[in-house]
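I opened this notebook to record what I looked up, beginning with burial and cysteines, then going on to charged pairs, cores and confidence.

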Amino acid sequence: MAASESVNPVDLLREQLEGASPDVLQAMIKTFAQALMSAEADAICGAGYGQRSDERVNSRNGYRTREWDTRAGTIDLAIPKLRSGSYFPDWLLTHRRRAEQALVSVVATSYLLGVSTRRVEKLVEQLGIRQLSKSQVSEMAQHLDAQVEAFRNRPLDAAHYTFVWTDALTMKVREHGRTVNVHALIAVGVNADGQREVLGLDVASDEDGAGWLAFLRSLTARGLTGVQLVISDAHRGLVQAIGAALPGASWQRCRTHYLRNLLTKVPKSAQPWIATLVRTIFDQPDADAVKAQYTRVVTTIEAKFPAAAEHLDAAREDLLAFTGFPREIWRQIWSNNPQERLNKEIRRRTDVVGIFPNRPAIIRLVGAVLAEQTDEWTEGRRYMGLELLTKARMIVVQPDQHDTSHLLDATAQFLTEMLIIEITSPDMHRLPNPDLHDVPQLHFGQPPQQPDVEP
């Protein structure tokens with residue numbers, strides 16, 4: 001059947017609606033695709049279908065069927081055949097978007113590795129694809145793995161990354177015949193052009209200090225420099241790992257996650273009152289007002305809930321790290337909310353899979369999603385203005401403003417524990433040996449001692 005020379009979208013839509021077609025989108029895609037292939041075949045032949053012309057150089061010779069997997073489902077196409085030579089539309093060879101390839105590949109790999117057939121068939125139906133061959137799976141996985149690995153191992157050479165957000169997502173994976181939890185560690189930064197960029201992805205067995213330290217060191221090995229503030233939730237071992245792998249960087253505890261933790265310290269009836277009080281801290285016009293309001297809030301809460309007040313007071317330095325930077329970017333750096341939006345997009349893809357067949361499948365799918373997100377950020381507007389970034393990098397924190405002894409003690413204790421693990425567990429994966437460059441050099445404002453000069 002030859003496709004019509006022209007398609008009237010209004011008439012086509014009316015026809016599909018009047019006929020109560022079960023899938024209008026599939027029918028429309030098929031019609032437009034057939035019309036496009038017919039036009040391309042006519043151009044190759046030098047004349048339209050069934051038209052007599054002296055300019056004709058070839059003619060049609062029937063059709064061959066081909067299934068086309070699209071986001072609307074699998075569509076049966078009739079590709080024109082020629083009497084001499086061959087014709088095949090190039091756009092049918094175009095790969096799916098990376099995240100869609102990854103999702104299909106993960107589902108297919110699950111099927112090949114013996115995951116529940118009924119569950120896999122249900123996932124494939126959700127994708128609108130009728131069947132997947134082993135050759136399709138192999139080709140897609142090979143192409144995707146190369147792309148994701150290139151993205152994960154690219155040099156971080158965008159001059160400096162002033163602000164970095166980190167987070168961990170728990171995933172389920174099959175290992176040694178059982179289902180276990182692993183953690184996908186993700187880092188996002190703002191580069192010198194003011195654009196957000198996914199810096200790295202790794203999968204760790206445990207969300208502990210060793211996993212975070214190895215992850216952050218892998219980023220610095222690829223060129224991560226200039227980090228002044230790391231924003232995250234209070235993940236176990238992360239703060240110490242920041243001190244060891246990113247000397248000179250401060251840590252901003254996510255205000256949103258902290259408030260949830262604080263509300264567990266008071267009765268449910270008092271939670272709205274506590275939440276309103278804490279939010280007033282972040283509504284102040286400047287750094288001095290923020291700190292003064294923080295003190296007033298702690299005093300007010302202490303009268304009724306001493307334990308909650310003590311908890312809030314202990315988190316003062318971690319929650320107010322953002323005040324050392326320009327007021328215009330406070331909203332962007334005082335919480336991990338930008339990372340949470342990215343996590344939501346990742347979860348939308350990974351929830352379809354549920355249990356991953358192996359760790360490479362996690363890297364493949366999550367890495368493809370992160371690569372696509374980075375491309376979209378690059379093409380979009382700047383996340384931070386260049387003037388504000390420059391201003392943020394010029395801010396000098398006076399050494400006597402904060403008591404830094406607790407950071408030194410925490411970092412020293414953390415490195416000692418890592419060293420003990422290496423000595424007592426020779427069979428485990430060995431971490432890079434900490435050296436003096438990994439320990440933050442903390443100066444307390446004493447002027448350098450001048451050498452004696454004889455008169």
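**Entry 1: cysteines.** Before reading any accessibility, I note the cut-off I rely on: a residue is called buried when its relative accessible area is under 20%, exposed when that area is over 50%, and partly exposed in between. The model I am reading is a predicted one. I looked up Cys45 and found a relative accessibility of 1%, so Cys45 counts as buried. I then looked up Cys254, which has a relative accessible area of 0% and is therefore buried as well. How many disulfides does a search of the whole structure find? I read the result as zero.

**Entry 2: salt bridges.** I went on to the charged side chains, and the count of salt bridges comes to eight. I took three of the pairs one by one, and then a network.

I looked at Asp42 and Arg60, which form a salt bridge whose closest N and O atoms are 2.9 Å apart. Asp42 lies in helix α2 (residues 24-45) and Arg60 in strand β1 (residues 60-70), so this pair ties together parts that are 18 residues apart in sequence. Are these two residues buried or exposed? I found that both Asp42 and Arg60 are buried.

I next looked at Glu175, which forms a salt bridge with Arg359, the closest N and O atoms being 2.5 Å apart. Because Glu175 lies in strand β3 and Arg359 in helix α15 (residues 359-379), the pair ties together parts that are 184 residues apart in sequence. Arg359 has a relative accessibility of 23%, and so I list Arg359 as partly exposed.

My third pair was Glu345 and Arg348, whose side chains meet in a salt bridge at 2.8 Å, N to O. Both residues lie in helix α14 (residues 337-353), three residues apart, which is about one turn of the helix. I read Glu345 as partly exposed, because its relative accessible area is 23%, whereas Arg348, with a relative accessible area of 52%, is exposed. I also noted that Glu149, Arg152 and Asp202 are joined into one network by salt bridges that share partners.

**Entry 3: nonpolar cores.** Which residues have the most contacts inside the largest nonpolar core? I found Phe163, Ile301, Leu312, Ile333 and Met384, in a core of 41 residues. Among the elements that give two or more residues to this core, I wrote down β3 (163-175), β6 (229-232), α8 (255-263), α11 (306-314) and α16 (386-394). Helix α10 gives the most to this core, with six residues. I also checked the domains, and this core draws at least three residues from each of domain 3 (156-253 + 355-394) and domain 4 (255-334).

I followed Leu312 further and, leaving aside its neighbours within four places in sequence, found this residue in contact with Tyr258, Leu262, Tyr294, Val297, Val298, Ile301 and Leu319. There is also a second, separate core of 28 residues, which includes Ile186, Val203, Val353 and Ala371.

**Entry 4: confidence.** I closed with the pLDDT, which averages 77 over the protein chain, with 69% of the residues scoring at least 70. Over residues 1-5 the pLDDT is below 50, and this stretch has eight contacts in the model beyond near neighbours in sequence. Residues 420-455 also have a pLDDT below 50, and for this stretch I noted 30 contacts in the model beyond near neighbours in sequence.

Technical notes:
Residues numbered from 1 in each chain as written. Predicted model: local features only at pLDDT ≥ 70, side-chain atom pairs only at ≥ 80, totals over all residues. Heavy atoms only, no water. Core = buried A, V, L, I, M, F, W, Y, C linked by side-chain atoms within 4.5 Å. Buried < 20%, exposed > 50% of the residue type's maximum accessible area, 1.4 Å probe, protein only. Helix = DSSP H or I, 4+ residues; strand = E, 2+ residues; numbered from the N terminus. Domains from an automatic or database assignment. Contact = heavy atoms within 4.5 Å. Salt bridge = Lys/Arg side-chain N within 4 Å of Asp/Glu carboxyl O. Disulfide = S-S within 2.5 Å. pLDDT = per-residue confidence, 0-100.
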